[in-house]
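Below is a set of questions and answers on one protein chain. Look at the sequence and the model, then work through them.

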Amino acid sequence: MKTIRLVYPQWQGGSIAKWITEVKDPEQASRGYYLGAQLLNFLAPDNGQDTYTVPVSTDLVERKVTDGVLDKDAIITQTKAALDILNVQKPDKIVTLGGECSASVVPFTYLSERYNGDVAMVWIDAHPDITLPGDVYPAYHAMAVTACMGLGDKQIVSELPAKIDPSKILFAGLRDWERDEIKERQKQYGIKHLTPEEVREDSHAVLEWLKSCGASKVVIHFDMDVLDPAEIIAAVGVVPNGMKIAEVLRVINDIAQEKEIVGLTVAEPMPRTAIRIKEMLNQLPLLK
């Protein structure tokens with residue numbers, strides 16, 4: 001079984017500068033995901049996996065919404081680049097280090113095709129990420145799950161190798177729908193969810209769902225904003241009463257005891273302090 005590490009520092013899918021108030025330059029705040037992916041790769045243990053980095057533009061260009069999607073052209077270009085890597089390497093398993101949430105879309109749909117749809121997706125996140133083009137928030141990272149389902153911008157979705165049925169998707173740690181229409185949309189799609197409280201003591205509810213969905217393999221998206229900000233602030237979102245680090249690790253490792261994990265993404269790192277240090281270093285003599 002061939003496992004690769006995919007560093008996917010996509011930042012264009014987020015529109016988050018207004019929430020990173022300690023970083024004065026909104027462009028540096030927006031590109032914080034790029035630095036976050038590099039830091040995750042630096043911090044992750046070196047276990048000998050071949051590592052590939054998706055080429056992601058950091059050009060300072062005007063950000064614009066096209067067909068209801070922010071920075072659509074860059075996202076399409078980078079989607080194709082990520083798929084090119086996977087189609088050449090043909091991995092059986094993928095560890096993805098993002099980047100914002102949409103870093104999971106290409107590897108998860110690739111794996112769904114690789115295993116003929118025999119894949120369940122556990123999305124560990126404070127948010128459901130099921131917005132669509134035309135919603136009030138046009139950023140693609142909030143459309144990641146709908147894209148995995150084959151819904152959303154036709155041009156982007158047409159590039160993806162497969163789609164994942166909502167019956168094989170579970171949200172864990174969900175606690176912020178942001179708008180009533182999103183909660184209603186989740187009901188319409190029929191996607192089940194578990195709150196942080198429902199996985200606080202054990203992983204029983206997650207494992208029972210995995211048994212019921214029938215898939216033998218699992219892809220897991222670990223969005224760092226699922227974590228309780230009272231314990232650690234590692235992402236953009238700081239919604240209270242989240243999952244503890246130990247709880248997330250227990251859920252993921254319990255899944256690994258029951259099913260074969262073929263995809264694991266860690267996404268949405270926002271290294272606020274590191275961004276500020278980088279800005280400071282950029283202003284020192286002999287370093288410019």
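Q: Which residues of H10 are buried?
A: The model is predicted. Buried here means under 20% relative accessible area. In H10 (272–281), the residues that meet this cut-off are Arg272, Ile275 and Glu279.

Q: Within what arc do the buried residues of H10 fall, seen down its axis?
A: Residues three or four places apart in an α-helix point the same way, because there are 3.6 residues a turn. The buried residues of H10 are Arg272, Ile275 and Glu279. They line one face of the helix, since they fall within an arc of 60°.

Q: Which helices are included in what covers the buried residues of H10?
A: The buried residues in question are Arg272, Ile275 and Glu279. Their cover includes two helices, H1 (26–30) and H2.

Q: Is Leu286 buried or exposed?
A: Leu286 is found in the segment after H10. Its phi is positive, about 75°, although it is not a glycine. Exposed requires over 50% relative accessible area. Leu286 has 91%, so the term that applies is exposed.

Q: Which residue is in polar contact with the side chain of Asp71?
A: Asp71 sits in the loop between strand S4 (69–70) and helix H3 (72–89). Leaving out residues up to four places away in sequence, Asp71 touches Gln12, Arg63 and Lys64. A polar contact at 2.7 Å joins the side chain of Asp71 to the side chain of Arg63.

Q: What is the phi of Asp71?
A: Most residues other than glycine have a negative phi. Asp71 is buried, because its relative accessible area is 11%. It is not a glycine, yet its phi is positive, about 55°.

Q: Where is the cis peptide bond that precedes Gly99?
A: Most peptide bonds are trans. Gly99 lies in the loop between strand S5 (93–98) and H4. The bond leading into Gly99 has omega near 20°, and it runs from Gly98.

Q: What is the strand order of the open sheet?
A: The sheet has eight strands with parallel pairing. Its edge strands, S2 (50–53) and S8, each pair on one side only. Neighbouring strands are turned by 20° against each other on average, direction ignored. The order is S2-S1-S5-S10-S9-S6-S7-S8.

Q: Which residue of S10 is the bridge partner of Val218?
A: S9 and S10 (residues 260–267) run parallel. Seven bridges join them. In S10, Val218 is paired with Ile261.

Q: Which helix gives the most residues to the largest nonpolar core?
A: Nonpolar side chains tend to be buried together in soluble globular proteins. The largest core here has 57 residues, and those with the most contacts inside it include Met121, Trp123 and Phe171. S1 (3–8), H2 (32–43), H3, H4 (105–114), S6, H5 (144–148) and S7 each supply at least two. The top contributor, with seven residues, is H3.

Q: How many residues are in the other core, which has Leu170 among them?
A: Trp123 is one of the residues with the most contacts inside the largest core. Beyond four places in sequence, its contacts include Cys101, Phe108, Val145, Leu170 and His221. Apart from that largest core lies another, with Leu170, Leu227, Val251 and Ile252 among its residues, and its size is 29.

Q: What is the relative accessibility of Leu170?
A: Leu170 belongs to strand S7. Beyond four places in sequence, it touches Met121, Val122, Trp123, Lys192, His193, Leu194, Val206 and Trp209. Its C-alpha atom is separated by 10.0 Å from that of Gly190, 20 residues apart along the chain. Leu170 counts as buried, because its relative accessibility is 1%.

Q: How wide an arc do the buried residues of H8 cover?
A: The buried residues of H8 (residues 204–213) are Val206, Leu207, Trp209, Leu210 and Cys213. They lie on the same side of H8, because the arc they cover around the axis is only 160°.

Q: Which exposed residues does the opposite face of H8 carry?
A: The buried residues of H8 pack against S6 (119–124), S7 (169–172), S8 (192–194), S9 (217–223) and H9 (245–258). After H8 comes Gly214, with a positive phi near 90°. The face turned away from the buried side carries the exposed His204, Lys211 and Ser212.

Key:
Residues are numbered from 1 along each chain as its sequence is written. This is a predicted model: local features need pLDDT of at least 70, side-chain atom pairs count only at pLDDT 80 or more; totals for chains, interfaces and linings use all residues. Side-chain values use heavy atoms; hydrogens and water are left out. Buried means under 20% relative accessible area, exposed over 50%, partly exposed in between (1.4 Å probe, protein chains only). Helices (H or I, at least four residues) and strands (E, at least two) are DSSP runs, numbered from the N terminus. The arc is that of the directions from the helix axis to the C-beta atoms. Contact means heavy atoms within 4.5 Å. A polar contact is a pair of N or O atoms within 3.5 Å; within protein, one must be able to donate a hydrogen and the other to accept it, and residues adjacent in sequence count only if both atoms are side-chain atoms. A nonpolar core is a set of buried Ala, Val, Leu, Ile, Met, Phe, Trp, Tyr and Cys residues joined through side-chain atoms within 4.5 Å. Two strands pair if DSSP finds at least two bridges between them. Axes are lines fitted to C-alpha atoms, for helices over the stretch in contact, and angles run from 0 to 180 degrees between N-to-C directions.
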